[in-house]
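Here is a report on one protein chain, written for reading alongside the model. Follow the named residues in the viewer as you go.

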Amino acid sequence: MALLGGAVLAIWNDIAPGGDAEFDHWHISEHIPERVGVPGFLRGRRYNAVTGSPRYFTLYETETVATLQSAPYLARLNAPTPWTTKCIQLFRNNRRTACRTTLSLGAGEGGALATLELGPRSDGEATLRSWLTVTALPAVAARPGIVGAHLAEADVQMTVVRTAEKKLLDAPDTLARWVVMVEGVTAEAVERVCADLLDAEHLTRHGAAGDGSLAVYRLVFSLRR
């Protein structure tokens, strides 16, 4: 399958005005290599927004969701480097969620990725999960120009943990619920398939709450363990 391991850490964020160049240098030079060096982390990817927001999306693929509360990972979160201490304070509109991978279709990674944050209605969880995994995402993955289609569901217990890094944030993290990710060759390809098969009408008809949020990103860096 396209996603490595059984879980992901999904992070969306903006950066305070004037801080983007330093964030970019730190994130690629120090932060992602540090994270991928933690046992159980398999790959880290960073994306910049083409359409939608926040401006940045980071995806870490891990062996299991338990990796995201492992002792080696928590040790890093509780002992940030001086550069991390400086850059974390630049984060704005931060959303960070540990997720179990429900479905991952495809092979390899694409140059563009759409993230669709959504959640089921109170009476629609089973219906929405079934439609996404059996019908919608296999159809998405079969489209020309698409190389992957994935569903990940939040694990709140594994996400919510107090650490030294969290204390540096301008405001507390918010959480996603479910995350659909569509990978493709181009931004246009992923935008088109989301408009055709994952639009609001289809989603609400199959059990989704009406507050989904779509953004499209281009890959700028990827590092595998």
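## Ser-213 at the start of a strand

Ser-213 is partly exposed, with a relative accessibility of 30%. That value falls between the 20% limit for buried and the 50% limit for exposed, so the residue belongs in the middle class. This is a predicted model, and the values here are computed from it.

Ser-213 belongs to strand β8, which covers residues 213-224. Setting aside neighbours within four places in sequence, Ser-213 touches Thr-115, Leu-116 and Glu-117. Those partners fall within the 112-118 range of β5. Val-179 is 34 residues from Ser-213 along the chain, and their C-alpha atoms are 9.7 Å apart.

## A buried pair: Glu-61 and Arg-43

Is Glu-61 buried or exposed? Glu-61 counts as buried, because its relative accessibility is 0%. The residue is part of strand β3, residues 56-62. Arg-43 sits in strand β2, residues 41-51. Arg-43 is buried too, at 5% relative accessibility.

The two side chains make a polar contact of 2.8 Å. Each also reaches backbone atoms. A polar atom of the Glu-61 side chain lies 2.8 Å from the backbone nitrogen of Leu-4. The Arg-43 side chain comes to 2.9 Å from the backbone oxygen of Ala-2.

Beyond four places in sequence, the contacts of Glu-61 include Ala-2, Leu-3, Leu-4, Ala-7 and Val-8. Gly-40, Phe-41, Leu-42 and Arg-45 are also among them. With sequence neighbours within four places left aside, Arg-43 has contacts including Val-36, Leu-59, Tyr-60 and Glu-109. Ser-222, Leu-223 and Arg-224 are on the Arg-43 list as well.

## Salt bridges

How many salt bridges does a search of the whole structure find? The search finds 21. Some form a network, which links Arg-43, Arg-45, Glu-61, Glu-109 and Glu-183.

Arg-92 and Asp-170 meet in a salt bridge, with an N to O distance of 3.8 Å. This pair joins distant parts of the chain, 78 residues apart. Arg-92 is in strand β4, residues 91-106, while Asp-170 is in the loop between α5 and β7. Arg-92 is partly exposed, at 27% relative accessibility.

Glu-153 and Arg-129 form another bridge, with the closest N and O atoms 2.8 Å apart. Here strand β6 supplies Glu-153 and helix α4 supplies Arg-129, with their positions 24 residues apart. Glu-153 is buried, at 13% relative accessibility. Arg-129 is partly exposed, at 24%.

Lys-166 pairs with Asp-173 in a salt bridge, the closest N and O atoms being 2.5 Å apart. Lys-166 counts as partly exposed at 26% relative accessibility. Asp-173 counts as buried at 16%.

## Nonpolar cores

In soluble globular proteins, nonpolar side chains tend to be buried together. In this model, the largest nonpolar core has 27 residues. Those with the most contacts inside it are Leu-118, Leu-132, Leu-137, Val-140, Val-180, Val-182 and Leu-198. Five elements each give at least two residues to this core: β5 (112-118), α4 (125-141), β6 (146-154), β7 (178-184) and α6 (187-197). Another core lies apart from it, with 15 residues. Val-8, Phe-57, Cys-99 and Tyr-217 are among its members.

Which residues does Val-140 contact, leaving aside neighbours within four places in sequence? The partners are Ile-146, Ala-149, Val-182, Val-193, Leu-197 and Leu-198. Two of these, Val-182 and Leu-198, are also listed with Val-140 among the residues with the most contacts inside the core.

## A nonpolar surface patch

Val-156, Val-160 and Leu-175 make a nonpolar surface patch of about 240 Å². Val-160 lies in the loop between α5 (156-159) and β7. Why does Val-160 count as exposed? Its relative accessible area is 54%, and exposed means over 50%, so Val-160 passes the cut-off.

Conventions:
Residues are numbered from 1 along each chain as its sequence is written. This is a predicted model: local features need pLDDT of at least 70, side-chain atom pairs count only at pLDDT 80 or more; totals for chains, interfaces and linings use all residues. Side-chain values use heavy atoms; hydrogens and water are left out. A nonpolar core is a set of buried Ala, Val, Leu, Ile, Met, Phe, Trp, Tyr and Cys residues joined through side-chain atoms within 4.5 Å. Buried means under 20% relative accessible area, exposed over 50%, partly exposed in between (1.4 Å probe, protein chains only). Helices (H or I, at least four residues) and strands (E, at least two) are DSSP runs, numbered from the N terminus. Contact means heavy atoms within 4.5 Å. Patches are made of residues with over 30% relative accessible area and no salt bridge: like charges are joined within 9 Å, nonpolar side chains (Val, Leu, Ile, Met, Phe, Trp, Tyr) within 5 Å. Accessible areas come from the Shrake-Rupley method with a 1.4 Å probe; for residues, only the protein chains shown count as cover. A salt bridge is a side-chain nitrogen of Lys or Arg within 4 Å of a carboxyl oxygen of Asp or Glu. A polar contact is a pair of N or O atoms within 3.5 Å; within protein, one must be able to donate a hydrogen and the other to accept it, and residues adjacent in sequence count only if both atoms are side-chain atoms.
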